[in-house]
Each structure stands twice: as structure tokens, then as C-alpha cells.
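Please open the model in your viewer and keep the sequence beside it, as this tour moves from one selection to the next.

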Amino acid sequence: MWLTLLYSITGGAALLYALYRWVIPAVVQYHAGLALIWHDVIVERILDTVTQSTRPQDPGCSTAERHQRGPSQRGCILDSVVSEVNPATVLELGTYCGYSTVRIASLLPPHAKLITLEFNPEFAVIARQVIAWAGLEDKLLEGASGDLIPKMKEQFGVETFDLVFLDHWKDRYLPDTKLMEASAENSFIFRHDAINDAFFHQECGLLRKGSVLLADNVICPGTPEYLEFVRSSPRYESQYFKSHLEYTKVEDGLEKSVFL
């Protein structure tokens with residue numbers, strides 16, 4: 001009886017492990033929604049319970065895990081663009097856990113300036129630890145991109161950015177791009193001051209001729225309005241780099257757009 005019970009427990013554990021490790025990941029890898037639910041919700045909650053800690057909810061966000069697995073498709077595309085542009089000034093929208101921040105910084109020339117923005121304070125805490133662990137100076141700013149972008153010239157001494165990496169809220173890709181474009185010559189952006197009940201003109205003009213925008217995850221979860229804008233606007237020359245959503249065969253990609 002006890003031997004039968006032991007075999008049943010062992011067999012059940014082996015079956016659960018096979019389902020967790022191989023079967024389910026293989027089944028969901030062709031469906032973006034199922035893959036994200038499995039990796040972001042179920043697997044991460046299991047790991048949180050086992051480790052008694054909370055991790056950022058993103059497939060493969062852990063810097064250590066990424067280094068162990070080697071460079072991802074999107075990471076290699078990012079490396080290639082950064083190396084090609086060789087930027088002196090870089091803006092990253094969406095720090096998350098700091099992996100791409102460290103990756104970009106490692107490819108920059110001496111004395112280059114990298115500023116990264118993160119809206120979520122919990123992610124910012126993790127990112128600062130990763131950035132410090134990598135031995136880099138903290139260039140992380142907490143807050144909404146729409147509030148911080150107009151302050152770049154006045155508060156941070158940046159005239160224009162050579163490279164902008166968009167990897168934050170997808171519905172912010174288009175408005176933030178237009179905000180970075182904005183200058184006295186081409187458009188007007190207004191901010192309402194609730195205290196004084198007034199509107200102020202904000203001149204950003206953070207893009208120069210040749211500035212490069214690199215937007216991640218343009219297919220999954222996707223940012224169709226942004227893609228339509230950069231691909232149809234005469235102000236940009238765009239190129240799509242196909243990749244796959246992490247852990248899956250689902251197509252994703254990055255859009256590189258040169259400001260003309």
C-alpha cells in the first residue's frame with residue numbers, strides 16, 4: 001500500500017513537472033495571450049510563493065536569467081542599433097528592471113549621457129539596484145513621461161537626443177513622440193496649471209535631424225497608432241525588425257524610425 005502511494009506521488013510529481021517545464025510552454029508558445037498569462041501570471045506567482053518574494057511581472061526580466069540564457073533577439077537588435085547610432089545622448093522611456101538600461105550603457109562612448117524614465121516606483125527600486133550592481137551612475141528619473149519630457153532641456157541640460165528607446169506604456173508611444181517633436185516652429189503643446197488656471201506653452205524640440213527612435217513590442221502587445229504615424233509621416237524613415245515574444249514563437253518586433 002505504502003509503495004503504491006509512493007509510486008503515485010512520484011508519478012504525479014513527475015507529470016506536474018513535465019506539464020510545467022515542457023508541455024504547457026510548448027502548447028502556449030504560438031498564442032501571445034496564453035503565453036503572457038502562463039509566464040506573467042501563473043509561473044511568476046508560483047515563483048513568488050516558492051521564493052517568498054515579489055518579482056517584476058515580465059517574461060525573463062531577471063538580469064541574471066537573461067545573462068544565463070544569452071542575448072535575446074530583441075537584445076541583439078537593440079545592441080546593433082545602439083552601435084550603429086553611437087549616440088552621445090540617449091533617452092530610455094520605461095526602465096522596468098534596468099536590463100536594457102545596462103545593456104545600452106555598456107555600448108555607449110565615453111562621456112555619453114543616458115537618461116531613463118520609469119513611472120512605477122516599485123520597478124524603479126529594482127532598476128536602481130540593477131544599475132548600481134552594474135557599476136553605473138544612476139540616471140533614473142521617476143515619474144510620468146509626459147511630465148518629465150518637457151523638463152529635459154531646462155532641468156537636465158539636454159538639447160536633443162541622438163537615440164530614444166521606447167519601451168514603456170504602449171499607448172504613450174505616439175503622444176510622447178509628438179511631445180519630443182514639439183518646438184516653436186512646428187507645433188504647440190499646452191499644459192494646464194490648475195492653481196493659476198492658465199495654460200503654458202511647452203517647447204520640447206528634443207529630436208534633431210537624424211535622431212533615431214527605436215520602439216519595442218510594436219506587434220505584441222502592439223502599438224498600431226504609433227506604427228501608422230511613423231510609417232506614414234514624411235518626417236520619418238522607418239524600418240521594422242522582426243523578432244519573437246520571449247519564450248514563444250509569437251511574432252513581435254522593433255521599429256526603428258529616423259527623424260528627417
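**A pair of facing residues**

Begin by selecting Leu-91 together with Ile-115 of strand S2, since these two residues stand opposite each other. The model is a predicted one, and the selections below should be read with that in mind.

Now widen the selection to strand S1, residues 89-93, and show S2 with it: the two strands pair in the parallel sense, and five bridges link them. Add helix H5, residues 99-105, and you have the parts of a β-α-β unit made by S1, H5 and S2, which is right-handed.

From S2, turn next to strand S3, residues 140-142, which pairs with S2 over three bridges, again in the parallel sense. Within this pairing, select Leu-117 and then Leu-141 in S3, its bridge partner. To follow the chain from S2 to S3, display helix H6, residues 121-133, through which the chain crosses in a right-handed β-α-β crossover.

Stay with S2 for a moment and colour residues 113-118 by burial. How many of the six residues of S2 are buried? Five of them are, so the strand is largely enclosed by the rest of the structure.

Finally, zoom out to the whole protein, whose secondary structure comes to 11 helices and nine strands. Of its 260 residues, 43% are buried, while the surface that the protein exposes comes to about 14,400 Å², with carbon and sulfur atoms supplying 59% of it. If you display contacts with a separation of 6 or more, 64% of them join residues 24 or more positions apart.

How values were computed: Residues numbered from 1 in each chain as written. Predicted model: local features only at pLDDT ≥ 70, side-chain atom pairs only at ≥ 80, totals over all residues. Heavy atoms only, no water. Helix = DSSP H or I, 4+ residues; strand = E, 2+ residues; numbered from the N terminus. Buried < 20%, exposed > 50% of the residue type's maximum accessible area, 1.4 Å probe, protein only. Contact = heavy atoms within 4.5 Å. Areas by Shrake-Rupley, 256 points an atom, 1.4 Å probe, with all protein chains shown as cover. Pairing = 2+ DSSP bridges. Right-handed = clockwise from strand over helix to strand, strands pointing away.
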